[in-house]
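Here are a few exercises to work through with the model open in your viewer. Try each task before you read its solution.

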Amino acid sequence: MGFMKNIKYYQLVLLICVSMLLVKCYDEDTFGVPIYQERCSDGIQNGDETGIDCGGSECEPCSVESEFAGKYRQVDQMGRPAVNMLFNIDGLRDSLNVTVPYKMQGIFQQTFENRIMVLDTTYTTNVLGLNAEEMAAIFSKDVLWVAENGPTSYYDGSNILTGRGLGEDVMDANLLWIFGGPDGNKNNDDPLLIQDGVPSNDAPFLNTFPYLAPPF
Ligand SMILES: [Ca+2]
Ligand SMILES: [Ca+2]
């Protein structure tokens, strides 16, 4: 009887040890990675995701389908120059193109903010005094502001986003705001990140409608 009791005792101890081992293995399987990151790639809609592995508070926004309730379908969006290329991530560029502007900030604010911090990991504020959240708030709504009064300028040092003159170097303005830092001279070295080296158009603008330069 004593022998049998000992066997049962050892079986119990073994069972407890195996259980502890399994618990330990489970913890180590996460490798210290927060659970939500696995949730955003587990192939099912869980947590507060609004689609499979997207949306909610932790995952990337879900792709947006084109809203189509009439004669015209939105397939592209171009407000300010290069917004989709500079501030958005590869997988969501088609989504931004089909998102109506009033919904853009709600969907893309966090993605744009993250992107700014990836482009310049030491970003604080720029020459406009905007932090990453404030920059993202402006650019995630991809529309071109136009001032009702005063000069029309994308950025001339004093007039900021009051429109866009055709001859303005808008790409350099964008680069300056992302990489220039509070004084506008951060990353002003090799590689030079605050200018693209293309200061003007290679063909003259037209004096009549549509005023754009010929493509070649
Ligand atoms: Ca999921
Ligand atoms: Ca340029």
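**Exercise 1: the calcium site**

Task: find which protein atoms serve as donors of the calcium ion (ligand 1).

Solution. Start at the ion and collect its protein donors: R39 (O), D42 (OD), I44 (O), N46 (OD1), E49 (OE), E49 (OE) and D53 (OD), at 2.2 to 2.7 Å from it. Donors here are N, O and S atoms within 2.8 Å of the metal (3.2 Å for Na, K and Ca); water is not among the atoms, so sites may look incomplete. Next, read the donors along the chain, and you get the spacing R-x2-D-x1-I-x1-N-x2-E-x3-D. Last, check accessibility: R39 is buried at a relative accessible area of 14%, while I44 comes out as partly exposed at 48%. (Buried means under 20% relative accessible area, exposed over 50%, partly exposed in between, with a 1.4 Å probe and protein chains only.)

A quick word on the ground rules: this is a predicted model, where local features need pLDDT of at least 70, side-chain atom pairs count only at pLDDT 80 or more, and totals for chains, interfaces and linings use all residues. Residues are numbered from 1 along each chain as its sequence is written, chains are lettered from A and ligands numbered from 1 in the order in which they are written, and side-chain values use heavy atoms, with hydrogens and water left out.

**Exercise 2: the disulfides**

Task: work out how many disulfides the whole structure has, and the handedness of each.

Solution. Search for cysteine sulfur atoms within 2.5 Å of each other, which is what counts as a disulfide, and 2 turn up in the whole structure. Take C40 and C59, whose sulfur atoms are 2.0 Å apart. Both C40 and C59 sit in the loop between α2 (35-39) and α3 (83-87), and the pair links distant parts of the chain, 19 residues apart. (Helices are DSSP runs of H or I, at least four residues, and strands are runs of E, at least two, numbered from the N terminus.) The S-S torsion of C40 and C59 is about -85°, so this disulfide is left-handed.

Now do C54 and C62, with sulfur atoms 2.1 Å apart. Their torsion is about 95°, so that bridge is right-handed. C54 and C62 are both buried, and so are C40 and C59. Count the bonded cysteines along the chain, and the pattern reads 1-3, 2-4.

**Exercise 3: the core and its rings**

Task: say which helix gives the most to the largest nonpolar core, then look at its aromatic residues.

Solution. A nonpolar core is a set of buried Ala, Val, Leu, Ile, Met, Phe, Trp, Tyr and Cys residues joined through side-chain atoms within 4.5 Å. The largest one has 27 residues, and F87, F112 and W177 are among those with the most contacts inside it. Two or more residues come from each of α3, α5 (101-119), α6 (132-139) and α7 (170-179). The winner is α7, with 7 residues.

On to the rings: Phe, Tyr and Trp (its six-membered ring) pair if their centres lie within 6.5 Å, with planes under 30 degrees apart stacked, over 60 edge-to-face and the rest tilted. The whole structure holds 7 such aromatic pairs. For Y155 and W177, the centres are 5.3 Å apart and the planes at 70°, so the pair is edge-to-face. Y155 is in the loop between α6 and α7 and W177 in helix α7, so the pair ties together parts 22 residues apart in sequence. W177 is buried at 0%, whereas Y155 is partly exposed at 23%.
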